[in-house]
Amino acid sequence: MTETGAQPQRWQYIARVAVPVVASVVTAAAAVVGFTLWSARTIDARSLERQTRLAEHVIELQLERLPHEQQSITIWDDSVVHTRLAFDTSWVDFNLGVWMKQFFGHDEALILDDANRPIYAMASGKQIDPSTVADEMSDIAPLIAQLRTAMARSGPDIGYNVMTNAPPQVSDLLVVNGIPSMVSVSPIVSDSGQIPQETGTEYLHVAMLHLDATYAAHLSDEYMIATPTFSALASTDAARGYLPLTNRAGRFVTFFEWGLSSPGTAIVQQTIPVLAGAFLVAGLIVFGLLDQLWRKSQALATGRQAAEHRARHDTLTGLPNRASFDVKLSSSLASRQRDQHLTVFILDLDRFKQVNDTLGHKAGDDLIEAVGQRLRQLIGSGDFAARLGGDEFGIIQRHGPGLSEPLTLSHRIIEALGKPFELFGNETFVGVSIGLAVADRGDHDARELARRADIALYEAKASGRNRVVVFEEHMSEMLQNRHVIEADLREALRQGDQLSVSFQPLYGADAVKLIGAEALVRWHHPRLGFVSPAHFIPVAESSGLIEALGDVVLARACELGARWPGMTIAVNVSPNQLRNRAFPVRVLAVLRETGMQPTDLELEITEGILLEDANAASEAIHMLRAEGVRIALDDFGTGYSSLNYLKRYPVDRIKIDRSFVSQLSTGNVSVAIVDAMVKLAHALKIEVTAEGVETEEQRSILSGLGCNVYQGFLLSPPIAKSAIEALFRTQNERPTARVA
């Protein structure tokens, strides 16, 4: 670039970049300084408000404390004896005068007879002539009259208790003989009720605290108030706060002042120099950055195109990313032709987490890259594929009428991704779940269309994975219901009073002898009533609540098993529970806590966990069986690898799925299938349980085939704990006592 060409660009750069940046820095500096000053003023104002409230509280507290201090000597038989009955000047001077000065710091004390005449006076800790307090008596006369009125209303004096039945007292702020003071007037009464006294004949005790420098110093020591003073005029010093003190009649008494604490001002004084230095440094940095920005602007311009490409594409697979997918979907909806249809695919890999957990994140990255390559080979020239994040992919397909093309592509994807992937010399298998959403003619909202595909994907995951599901309107309501059930189930687990466990009896080969029961969770919703396990168990699985729910069932089942040793108690185990490596330890801990024998517990697992998490399942099964816990393979025959499982995994029992049992009748092909299952199990020394037995014909056929255990409504529905215990008791009248 020539010097001539660079000069105009430099001026453009200064006008378009440098000037706005400098202006922004200056504006920011002004804003920070302004905000700092405003904050300081606000902090100081709030501090003044707090200090004023503290001052009010201190004065109120002191005014309340004065009568309480008097009670220590005015509610006392000895005080009545040495004043009203036989006035003892020495005793009164020591106990009702000098002692109050020495112990409580009272400045003055008076004793008044029943005619309100002063018969004793103390000032500054020394006895003085009562005749010299005439001026003071005129100032405190209203308080005396107020107390006498209150005493007359209180009824005859039969004795007082300082904690429960204190006599009337009055206190207030007054100017006494020209001195602002706290004044309290209390009657001298018996604390036992043994000294008879008529109302109106009580002697009175007057206590006064002068609001002077000495008392201000006391407040400073006790409440850490800075330089407090009392004055007749309000201070004009901005560094001091003041509070006008008035009596209960609203008359001004004095001003209470103190040295203000101004934290906001202190912060400003400490902050402004730092801010000035910071802005100076910031200015130098900005100048340097602007210079560097100018020098590198051309280099950045040359790399802009590559950066834009990286911003729109996933670095691992090279496919477009989510941002590009959203833009493409919006433009495709807006530009589609009248006779053209559009479908959104959302794909999520099955068992991808297991690859990461077992082989490491590098293997997971290699798997994602390989999936991207296979998708490229499957989509057509008019299709658009993107990696949306993690193990989630999206496809946009334009096609003709109907769902033939999207479904065909979906099945091809499921087939292709179901084939093994070579990772670190090992064959790894994953699957894929696909949600489809077809754009209607009036659809233009890309987010809504993607949301529908997500809902369909959720349904594909919930209904067994490795399949494709097309969005239908009722799925939105189903998803919302799932969220409601999840929230209510979480609350039910927290409260613990909605969930219960029923037990369906298990009968032996003769269908008469009771050998145990299967624990089945029940939910009695406070609003919906009974909620079917078919509704809330899948929600618990998908939301992560199944482990907490399983713990509840396991604990209650083991509590029952501990009470009835020798009876088999079967408990269903979810894949999520068995996948947790701490699950065997948890089971054994519950057995120890309840006292149940491990050989009486039978855990029922499904084939799916053996396919998805073979290592975790095998480790857990071996650990539990080593302790005596028995393992049953539930829903046997519904999977596609059942025979292989019986050879690879040590199970004690298979449970023939009710879908086979329900079809048992003479001449039905299911009889041959069940016969093969029973013979295979017995050949491997594995017992067989038939679940869902509902007719006598089914039981008879199963008996002829050699089935070991029966379970179903023909024999008994699930029943409450008390009912199953009654059956156990009938079977065995004297159950073995539990060993603590």
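**Close-up 1. An open sheet of six antiparallel strands in the predicted model.** The six strands of this open sheet follow the order E3-E2-E1-E6-E5-E4, and their pairing is antiparallel. Strand E3 (126-128) and strand E4 (170-176) form the edges, since each of them pairs on one side only. On average, neighbouring strands here are turned by 25° against each other, direction ignored. The model shown in this and the other views is predicted. Strands in a sheet are held together by backbone hydrogen bonds, in a parallel or an antiparallel arrangement.

**Close-up 2. Strands E1 and E2, with helix H4 packed on the sheet.** Strand E1 (residues 108-112) and strand E2 (residues 118-123) run antiparallel and are joined by five bridges. Within this pair, Leu 110 of the one strand stands opposite Ala 121 in E2. Helix H4 (residues 134-154) packs on the sheet and touches E1, E2, E4, strand E5 (179-188) and strand E6 (203-210). The direction of H4 makes about 165° with that of E4.

**Close-up 3. Strand E10 and its two pairing partners.** Strand E10 (residues 341-350) has 10 residues, and nine of them are buried, so the strand is largely enclosed by the rest of the structure. E10 pairs with strand E12 (residues 392-399) in the antiparallel sense over eight bridges. In that pairing, Asp 348 has Glu 392 of E12 as its bridge partner. E10 also pairs with strand E15 (residues 431-438), again antiparallel and over eight bridges. There, Leu 347 is matched with Ile 434 of E15 as its bridge partner. In a regular strand, side chains point alternately to the two faces of the sheet.

**Close-up 4. Two salt bridges at the bridge partners Asp 348 and Glu 392.** Asp 348 and Glu 392 are bridge partners, and the side chain of each also takes part in a salt bridge. Lys 461 forms a salt bridge with Asp 348, and their closest N and O atoms are 2.8 Å apart. This pair links distant parts of the chain, with Lys 461 in helix H12 (residues 446-462) and Asp 348 in strand E10, 113 residues apart. Asp 348 is buried at a relative accessible area of 14%, whereas Lys 461 is partly exposed at 23%. The side chain of Glu 392 meets that of Arg 322 in a salt bridge of 3.0 Å, N to O. Glu 392 belongs to strand E12 and Arg 322 to helix H8 (residues 322-335), so this salt bridge ties together parts that are 70 residues apart in sequence. Glu 392 counts as buried at 16% relative accessibility, while Arg 322 counts as partly exposed at 37%.

**Close-up 5. A salt bridge within helix H1.** Glu 49 and Arg 53 form a salt bridge in which the closest N and O atoms are 2.9 Å apart. The two residues are four positions apart in helix H1 (residues 3-74), which means that about one helical turn separates them. Both ends of the pair are partly exposed: Glu 49 has a relative accessible area of 46%, and Arg 53 has 44%. Side chains of opposite charge can pair when their charged atoms come close.

**Close-up 6. A network of salt bridges.** Glu 518, Glu 604, Lys 655 and Glu 691 are linked in a network of salt bridges. In total, the structure holds 28 salt bridges.

**Close-up 7. Helices H9 and H14 and the glycines that come after them.** In helix H14 (residues 533-543), the buried residues are Phe 536, Val 539 and Ala 540. Seen down the axis of H14, these residues fall within an arc of 100°, so they line one face of the helix. Gly 544 follows H14 and has a positive phi, near 85°. In helix H9 (residues 352-359), the buried residues include Phe 352, Gln 354, Val 355 and Asn 356. Gly 360, just after H9, takes a positive phi of about 105°.

**Close-up 8. Two buried cysteines in a structure without disulfides.** Cys 558 counts as buried, with 0% relative accessibility. Cys 707 is buried as well, with a relative accessible area of 3%. A disulfide is a covalent bond that joins the sulfur atoms of two cysteines. The structure holds zero disulfides.

Key
Residues numbered from 1 in each chain as written. Predicted model: local features only at pLDDT ≥ 70, side-chain atom pairs only at ≥ 80, totals over all residues. Heavy atoms only, no water. Buried < 20%, exposed > 50% of the residue type's maximum accessible area, 1.4 Å probe, protein only. Pairing = 2+ DSSP bridges. Disulfide = S-S within 2.5 Å. Axes fitted to C-alpha atoms, helices over the stretch in contact; angles between N-to-C directions. Contact = heavy atoms within 4.5 Å. Arc of directions from axis to C-beta. Salt bridge = Lys/Arg side-chain N within 4 Å of Asp/Glu carboxyl O.
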